[in-house]
Amino acid sequence: MIDTHTHIYTEDFRDDEAEVIERARLCGIEAILLPNTDVASLPDVLRMCGNYPDICHPMIGLHPTEMPESGVGEALDQLEAQLFAASGQLPPNSPYVAVGEIGMDLYWDTSREEEQRAAFVRQLEWAVRAQLPVSIHARSAHRQTIEALRPFVSELPGGVFHCFGGTADEARELLETFPRFALGIGGVLTFKKSPLPAALRLAVPLNRLVLETDAPYLAPTPYRGKRNEPSYLLQVVEHLARLYEVTPEEVRRVTTATARAIFRLPASPAEA
């Protein structure tokens, strides 16, 4: 399995991060992708990827709800310099597997919509220049996200709509409009009253899904309300297997192949 989106570099895991990584390995996770959220969180992402380079891989971006109250341009300048280094181009030994977590979030506050859009577009331009996939956060901003992303559809190598929780029509529109993208599916799928299973059943083939936890958030049933972690992907896999009427092994195989293709990750050592 591949956990395509998790924040296990945060303080929530500082006391037992080695154990969290070990549990992930034991349950079959071969790669863990870590998106930062702002300038301050990037060193923690890079620290963890340095400690576990065989399994942890960094992304880089500015989350829409983590934009500073002032100085958004300066924050983006710092992240852009980190991504492209002195040459202005992606270095050949760059560790970054994606630009993320980026996007738009109008759930709590709509007053910064244009500022969010501008930051989102600038980071999409980075992804095009670097030819990196993107990890997109879109909350209460389905239409706005599509409008900002559509001009880049032919230039981006791919990406993931992180933590998808929309309707079947929204899923269908995203996948038809952005054919190199997948939907990120995690613990929400397992919630008792979640409409997500019905949306996936109606509109989404298994090969357009990737697994994610968004840890420490959104732990699946039976861990709901507790700290999430990558090993809990097992519960998501079980639910997907029942939903698509396939074996858990088939869910692992298909979602891992999709994640590898999007993020250009190598095959596991056992398969190389």
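How many aromatic pairs does this predicted model hold? The count comes to 5 aromatic pairs. The close-ups below show two of these pairs, one cluster and two charges over rings.

**View 1. Phe161 and Phe178 form a tilted aromatic pair.** The ring centres of Phe161 and Phe178 lie 5.7 Å apart. Their planes meet at 55°. Phe161 belongs to strand 6 (residues 159-161). Phe178 sits in the loop between helix 6 (168-177) and strand 7 (181-185). The pair therefore ties together parts that are 17 residues apart in sequence. Both Phe161 and Phe178 are buried.

**View 2. The rings of Tyr223 and Tyr232 are stacked.** Their centres are 3.8 Å apart. The planes stand at 5°, so the pair counts as stacked, the cut-off being under 30 degrees. Tyr223 has 24% relative accessibility and is therefore partly exposed. Tyr232 has 15% relative accessibility, so this residue counts as buried, the limit being under 20%.

**View 3. Phe161, Phe178 and Phe181 form one aromatic cluster.** Phe161 and Phe178 are the tilted pair of View 1. Phe181 belongs to the cluster with them.

**View 4. Arg129 sits over the ring of Phe84.** The charged end of Arg129 is 3.8 Å from the centre of the Phe84 ring.

**View 5. Arg224 lies over the face of Phe191.** Here the distance to the ring centre of Phe191 is 3.7 Å.

Methods:
Residues numbered from 1 in each chain as written. Predicted model: local features only at pLDDT ≥ 70, side-chain atom pairs only at ≥ 80, totals over all residues. Heavy atoms only, no water. Phe/Tyr/Trp six-rings, centres within 6.5 Å; stacked < 30°, edge-to-face > 60°. Helix = DSSP H or I, 4+ residues; strand = E, 2+ residues; numbered from the N terminus. Buried < 20%, exposed > 50% of the residue type's maximum accessible area, 1.4 Å probe, protein only. Lys NZ or Arg CZ within 6 Å of the ring centre and 35° of its normal.
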